Amino acid sequence: MAIVDTVRPYGTYTAGGWTIVPSGTAHGVLSDDDNATYVLQGTGNLEVRCGPHTLTSGYRRHRARIRFRGTADGSGGSLEAQVRFLTAAAGSTWIGGPQAFSFPGDSVWTEYTMAWRGSASMPTTGNLSAGTAPTLMARFGQAAGVNTRVSEVWLDIDTRHAPTFTPTVVDGADVDRTNGTVTDTAVPRIVFGPIDYDGLPARDWHIVVYTLTQTLTPGFSAYDQAWVNQSVALRGGAGAPPGAVGIPLVNDDYVAYPRVRSNVGSAAQAFPTVESVAFEMATVPPDPPAEVEAIVDEDRAAVDVCWDLAGTSPGSPGGAPWDDSTLIVAEVQRSGCGGGDVIPGDEWVTIQNVAASPDGCWRDRFMPLVDAPLEDCHGDSPGDCMVQYRVRYWGAVGTFTMVTDWTYAEPVRVFNPTPGNAWLRHPVDGALDMSICVTESYARIRPFSAQQVIGGGLPVVVTGDPGGRDYTLAISVRTIAEQAQLEQLLAAPLVYYQPVRDADTWQAPNSESVQVVKVRDIRATQVTMVAVAPQPIDPIAVLGS
Amino acid sequence: MSTPLPSSRHQAALSTPTAFTVVASCTFIRGDDEIALSPVAASFVCDRRRSMWWSGQLTMAANAPIPTVPSDLLTPFGTRVEVELGVELADGTQAVVPFGVYLIDQSKVQVSAATRSVEIPLIDFADRIAAYRFERPFRVPPGTDVADVVNLVVTDRLGINPGLAASGNVIARQRIFGLDPELDPWREMQDLCKGFGWVLHYDRGGRLTLDTTAVGDPSDAQAVVGAVSVAQVFEKRPANVVVVRAEPSDDTPPVWSVAMDEDPLSPMWAGTGPADSPYGRRTRYYASPNINTQAQADSAAAAILAREAAAGATWTVTRKFDPTKDPGDVLSVPVDDPQVQSVEIVVDSVAVDVLGETVMECRSLSSLVSEEP
């Protein structure tokens, strides 16, 4: 609520040739509440210091005006009144323009009030003592007419308080979680609530968010620029804030500092209020696939792994919903054949990530690996074994990536029609598969650079994750038909390669060279390949459709 | 905004560490003659910082028809080239998107015992409008929407109404085209549209388009997966104060507008008084005879300031073949830094080399739009 304080003249800055009636000082006769004492028009400007003024706690000066009691005789008179601010260093400056007053010449003392004035010169903060400076002043000038007089002066100061508001943080169900925990969304919303600007215009708003740990650091200051640069999130805009502001946050403890500023002093001087809201983010991820099924296709030596979102609510009770459940990614993993020494234990291996696939299937070309030493390309063990598949979702929740728990399929038995041989398979299912006797080698390549710093010593290494196993295969075939089949297969942009005793992989053939040996007409093909991921597949709704 | 391939599976391949085959198809058209050819090498650039966004370079296979006389199709005498780029997957399925409509700028033939090549530089289709200079002044009455001004000029020059939808901005006074012998119709329309905060260009499908000069919304950011390299350089001191002045050619009272960065939390805050801002004040002046109203001046000043606020850093993002990105797209690019996992930037230009990489030149999002630290 605005508070208007009134102060009176306590000192004379300049008399300006005005006459004191009957005698004394200008400020004395203008503050004695006696019409018998007054100042009579002079040739210059009369300026009197007014005060002292002590601000109510939490308030700032917004604008000021002059009230005075004046009159004139005969044909009347006129003068200009103006509020000024006097500083010790810079002299006096205007607070708004002057206002002219006219007196009818009836010799009747009448109280006049000028319109409120404000400007950049208004001392919005700090108390003003009754000293020489700084102080507010009332100035009267341009006096004219017949016996234009002023007997009393009051200077009104309009003070306003800073914006007041009580912010809260709400979750996805609009429940107040201030000092509590948000579990159902990754985008909590900061609500400013009703804001009392005390009649001042809204300047701007900001929200800066820090982790609780940051706020406990010695020297922390929420709106210090150095700290703002390290904040978790910053939002803001001009004018009044929106009702609520959503901010994506990962799970942690946070303190948000909403700030609202008004303009005080009629010259856009910022008048801020900063509040704080503490809360914890513990977003619960959405549900995993409702069902995962593995179906063996014995004709094609493959397994169809299918998953289904149907029947699963998009977000478990208390959990966060996907931003868009149609865009979630299904990660498919397979366990080894259990007991094999190539994939130790039952290690889970990701075999495919299927984009935009709440429901879908993936055809796994996996062949059981032999578990006994091999000679040549002959073997008959194991021929078959048990594998298991599991699927989980990745997706965006409040712009962050979240992952669900796994859903498991029942174990299935898979088989290898030619144990002891490796397999090359065309990427198009059923187009071309070859069981091959192969000599293989592979390399794993990673981005790497070692930079020796000036002065020597140990180098700085910039490196990255290694790629997959880039295979080089030496394949021998005995017939032209087989060779043609092999070249047709290797013409594909990528192939599925199942080594005899190693993890399966997708490879992009890079080059192939063939040597034809006269003896027994053997054709030896050398193929270099680069490990890649399989091409994306179309999501296919199978279960629950 | 970005133009994804029509198949989500093919689109996903662009961000998957897998193998695929690039498809590049160029159709050459002049009158009733039409031929579709696949180049052996090609590169294309779409750059919104230029008045003509599109350019390209083709190298045709040895079996392409050798141009010998102007009437041959592969010559710079009115042949239009429509380009489509895309992906072929292992199952033989293809998905393509248009990547510009061009005119042949030159054709260069070299034949030797070991070489037979046809090099074809391409230029934006807007060159056809630019070349159609006015023989006599062309008048557009006051009160005409800016989009309709373009419709009228293009219809007069090319005989085809591009059918641009109304922009909501009308010219205050009669506009006369063709008075300045130094300006062509395309340049004159560009200047007019710029004065109202619009950009005139051909889109990737060859349609004339009137776009706003929006500086990018971070909520539209697309995560870039598989960037090969990211480079950035702070090379400019962008303006934090913009003064727009109208320079009317008649006796209309001048208008002017000042916009400045007023956010104290911005590193380019202009301050409220001398020495308030650590950055200081860097003022950019913009004058145009096409600005007639205060609202237009205010709008132009705000738009220029918003663009300037993002001009401090230039980013170059390189990734494998990707013909789906457009200038104006907002990208979220990983930079693998513990403090800044990713940055949000807006694309200014896209350069696609069908045998190599796609290079995108970008700039930071305007701090006047995004207040992310």
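Two strands pair if DSSP finds at least two bridges between them; strands (E, at least two residues) and helices (H or I, at least four residues) are DSSP runs, numbered from the N terminus. The model is predicted, and local features need pLDDT of at least 70. Residues are numbered from 1 along each chain as its sequence is written, and chains are lettered from A in the order in which they are written.

**Exercise 1.** Find the bridge partner of A:Thr6 in strand 9 of chain A.

Solution. Start with the strands: strand 1 (residues 3–14) of chain A and strand 9 (residues 135–161) of chain A are antiparallel, with five bridges between them. In strand 9 of chain A, A:Thr6 has A:Asp156 as its bridge partner.

**Exercise 2.** Find which residue of strand 4 of chain A stands opposite A:Arg8.

Solution. Strand 4 (residues 46–51) of chain A runs antiparallel to strand 1 of chain A, and five bridges join them. Opposite A:Arg8 stands A:Gly51.

**Exercise 3.** State which strands stand at the edges of the sheet 16-15-17 of chain B, and why one side of each is left without a neighbour.

Solution. The order of this open, three-stranded sheet is 16-15-17, with mixed pairing. Strand 16 (256–260) and strand 17 (283–288) of chain B are at the edges; each has a single partner strand, so one side of each lacks a neighbour in the sheet. From one strand to the next, the twist averages 15° (axes are lines fitted to C-alpha atoms, for helices over the stretch in contact, that is, heavy atoms within 4.5 Å; angles run from 0 to 180 degrees between N-to-C directions).

**Exercise 4.** Locate the residue opposite B:Val242 in strand 16 of chain B.

Solution. Strand 15 (residues 241–246) of chain B pairs with strand 16 of chain B in the antiparallel sense over five bridges. B:Ala259 is opposite B:Val242.

Key: Predicted model: local features only at pLDDT ≥ 70, side-chain atom pairs only at ≥ 80, totals over all residues. Heavy atoms only, no water.
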